[in-house]
Every structure is written in C-alpha cells, then in structure tokens.
Amino acid sequence: MLVIIGPTGVGKSALSNLIGVKFNGEIVNADSSQVYRGMDIGTAKPSQAEINSLPHHLFDIVDPDERFDVHMFNIKAKLVIDQINSRKSIPIVVGGTGQYIWSIVESWDINKSGSDPEVRSRIEREYMAEGLEPLVSELLRKDPKNSVHVDLKNPRRVIRALERVELGFDAASPRSKVIDLSPGTFIVGLSLGREELYKRADQRINSMIRSGWLMEVLFLRGSGYNKTLRSMGSIGYRELHGFLEKEFSWQECVRNIRSRTHRLIRTQENWFKKDDTRIHWFDLSKMSLEEITSSVYNQYKSAIID
C-alpha cells in the first residue's frame with residue numbers, strides 16, 4: 001500500500017487524487033474527524049468530484065454521536081485494504097492522524113492497547129460532572145512519570161490516559177522504537193515550512209467559514225449533536241459551539257480555531273518525524289504536486305521490484 005502523511009492543510013488530499021489516478025488506486029481515509037457524517041466543511045472532506053473520480057473508503061461511516069477510535073479504525077481499515085488488494089488495486093491511505101496511520105503500517109496489536117469502553121465511559125461521566133482539573137490531578141498522581149507525554153489541556157487525551165492507567169498500562173509512551181514496515185508499504189511525507197503551513201491553515205479556516213461552517217454546526221446542533229460529544233471536540237466544532245452559546249466573541253472563536261490548528265501542526269511533527277527513514281519526504285517549497293507524483297511513481301515501482 002501507499003501511505004500519504006503530513007501536517008494538516010499541506011495538500012495530502014490533492015496529492016492522493018493525483019497518485020490515485022496514476023496508480024489506479026483507491027483512497028482510504030485515515031483522518032479521525034472525516035469518519036463522521038455531517039461534518040464535512042470543518043474536516044475538509046474530499047469534494048464530490050474527487051469522490052466520483054476514484055473509490056473512497058472510510059469517509060462518513062459513523063454518526064457524530066457514535067463511538068469511533070483507533071481500534072475500530074484499525075479493524076475496518078485492514079478489512080478495506082485487504083479488499084482493495086484482492087481487486088489488484090493499490091490502497092492509498094491518506095491522513096494526518098498519527099495513531100490511525102501507524103496502527104496500520106506498524107501492524108499494532110489492538111488487543112494490547114489498554115482499552116475498555118466501560119472504564120472510559122465512567123471517566124467521561126466524571127469529566128462531565130467535575131470538569132478536567134480533577135482528572136488531570138488524578139492522572140498526575142497515578143502516573144507522574146508518563147503523564148509528561150500527555151496533552152493535559154486536551155480532555156480526550158487525559159481521559160484516554162486515565163483509561164490506560166486504570167487498566168494497568170502506562171498513561172502514554174513516547175514513540176522511540178522504529179518498527180519495520182510490512183513488505184510493499186511505501187510512505188510519502190509532504191513537508192513545508194512551519195510559517196507557510198500556518199499561513200495556509202489560516203487561509204483554509206477563512207475559506208471554511210465562508211463556505212458555511214457555522215451553518216453546518218447549527219445544523220448539527222439542531223440534529224441533537226451537542227458540544228459534549230467526542231466528535232464535537234474536533235478543531236473548530238468545539239469553538240463554534242462555544243460562540244453560539246456566547247462563551248466568547250466571534251474574534252475569539254476564530255483566534256482559538258487558528259491556535260488549535262497551529263498546535264495540531266506542531267503535534268503532527270512529533271508523529272511524523274523528518275528523521276524517520278521509513279518516510280520518503282517531499283518538500284512542497286521545492287517540488288510541485290505533479291512532480292512529486294511522478295517521483296513517487298518511479299520510486300514505488302523501484303522499491304517493489306527490489
């Protein structure tokens with residue numbers, strides 16, 4: 001399979017479509033927000049024209065109030081990839097969600113990931129009743145050593161870390177061990193300078209807002225999907241809910257969306273490291289998407305033949 005990774009807004013979807021046509025491939029989503037139905041504008045899902053041009057998989061597969069996590073993704077993605085391979089086509093896995101990507105290419109054993117829906121539901125209820133601060137305090141008390149690897153301002157990360165601790169696992173562990181990829185896996189990484197990425201991200205946020213992002217959130221709220229849902233914690237959705245509930249002004253809302261997006265870009269750099277020799281990096285400041293497509297085609301063929 002081909003895998004296309006990189007920070008948000010760098011151009012993964014555009015490249016995946018060019019490569020998909022070149023390789024006669026099928027797109028497999030590895031973005032944790034694009035799995036939800038009705039969350040289209042704010043997650044930058046492929047356009048209808050793009051979907052019509054190539055088979056697309058694992059988009060719009062659950063409602064916003066349904067549970068979906070890396071374990072469910074892993075199971076569904078493996079099934080889809082096997083089906084694509086059985087058709088003698090090439091799976092092109094595309095996304096910026098590090099856990100989703102590495103769970104596939106490193107063949108994670110999802111039964112050893114420290115997951116229990118009942119435990120997580122209980123912790124989530126505690127969060128709804130008491131807020132984030134007590135959970136953070138509990139996590140720091142129970143596993144101070146490994147808690148340094150957890151984003152303590154992110155409720156979902158704190159809840160997940162506590163779930164792991166209660167099941168006997170470390171709260172988190174830094175990615176250090178490099179694991180060999182399965183034969184036939186070729187990872188393409190897109191890179192760009194951070195300031196240019198921030199600029200592109202801000203422009204995309206403005207475009208999403210002009211395209212009706214706020215109306216999308218209003219529709220979701222009207223359909224019963226409130227801000228307490230895990231899906232509504234996605235970048236922008238939480239902030240737009242907050243604006244509608246008068247928690248902050250429109251200017252603060254947009255500023256917060258930009259800030260979270262910039263932070264995501266920095267986080268993604270930790271998941272997809274420039275010194276990871278398993279990733280074939282391409283700098284978009286030096287090459288066009290068309291040039292990258294041709295280079296990937298030639299490198300992939302050579303790698304498979306070798």
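**Exercise 1. The central strands**

Task: Find how β1 and β5 pair and over how many bridges, then place β1 within its sheet.

Solution: Start with the pair itself: β1 and β5 run in the parallel sense and are joined by four bridges. The model is a predicted one, so please read each step with that in mind. Within this pair, leucine 2 stands opposite phenylalanine 186 of β5. Next, turn to β4, which is parallel to β1 and joined to it by three bridges. Here leucine 2 has isoleucine 92 as its bridge partner. Now widen the view: the open sheet has six strands in the order β3-β2-β4-β1-β5-β6, with parallel pairing. At its edges are β3 (56-57) and β6 (279-283), each pairing on one side only. Strand β2 (residues 25-29) runs parallel to β4 (residues 90-94), with five bridges between them. One of the partnerships there is glutamate 26 with proline 91.

**Exercise 2. The faces of β1**

Task: Decide which residues of β1 are buried on each side.

Solution: Recall the general pattern first: side chains in a regular strand alternate between the two faces of the sheet. In β1, Leu2 and Ile4 lie on one side, Val3 and Ile5 on the other. These four are all buried, and both faces of the strand are covered.

**Exercise 3. A helix on the sheet**

Task: Work out which strands α4 touches and how many of its residues are buried.

Solution: Helix α4 (residues 98-105) packs on the sheet and touches β1 (2-5), β4, β5 (186-191) and β6. Its direction makes about 160 degrees with that of β1. Then count the burial: seven of the eight residues in α4 are buried, among them Tyr100, Trp102 and Val105. The cover over these buried residues includes the strands β1, β4, β5 and β6 along with α3 and α11 (250-271). Just after the helix, serine 107 has a positive phi of about 50 degrees.

**Exercise 4. Positive phi in loops**

Task: Compare the settings of aspartate 60 and lysine 88, and say whether each is buried, partly exposed or exposed.

Solution: As background, most residues other than glycine have a negative phi. Aspartate 60 has a positive phi near 55 degrees and sits in the loop between β3 and α3 (70-86). With a relative accessible area of 34%, aspartate 60 is partly exposed. Lysine 88 has a positive phi near 60 degrees and belongs to the loop between α3 and β4. At 75% relative accessibility, lysine 88 is exposed.

**Exercise 5. Aromatic pairs**

Task: Classify the ring pair of phenylalanine 23 and tyrosine 297, and do likewise for tryptophan 213 and tyrosine 237.

Solution: The structure holds eight aromatic pairs. For phenylalanine 23 and tyrosine 297, the centres are 5.2 Å apart and the planes are at 70 degrees, so this pair is edge-to-face. It links helix α1 (residues 12-23) with helix α12 (residues 289-305), across 274 residues of chain. Phenylalanine 23 is buried at 9%, while tyrosine 297 is partly exposed at 24%. Tryptophan 213 and tyrosine 237 are also edge-to-face, at 5.8 Å and 75 degrees. Tryptophan 213 lies in α9 (residues 213-222) and tyrosine 237 in α10 (residues 237-244), so this pair ties together parts 24 residues apart in sequence. Relative accessibility is 1% for tryptophan 213, which is buried, and 0% for tyrosine 237, also buried. Finally, ring pairs join Phe23, Phe186, Tyr297 and Tyr300 into a cluster.

Notes: Residues are numbered from 1 along each chain as its sequence is written. This is a predicted model: local features need pLDDT of at least 70, side-chain atom pairs count only at pLDDT 80 or more; totals for chains, interfaces and linings use all residues. Side-chain values use heavy atoms; hydrogens and water are left out. Two strands pair if DSSP finds at least two bridges between them. Helices (H or I, at least four residues) and strands (E, at least two) are DSSP runs, numbered from the N terminus. Contact means heavy atoms within 4.5 Å. Axes are lines fitted to C-alpha atoms, for helices over the stretch in contact, and angles run from 0 to 180 degrees between N-to-C directions. Buried means under 20% relative accessible area, exposed over 50%, partly exposed in between (1.4 Å probe, protein chains only). Rings of Phe, Tyr and Trp (its six-membered ring) pair if their centres lie within 6.5 Å; planes under 30 degrees apart count as stacked, over 60 as edge-to-face and the rest as tilted.
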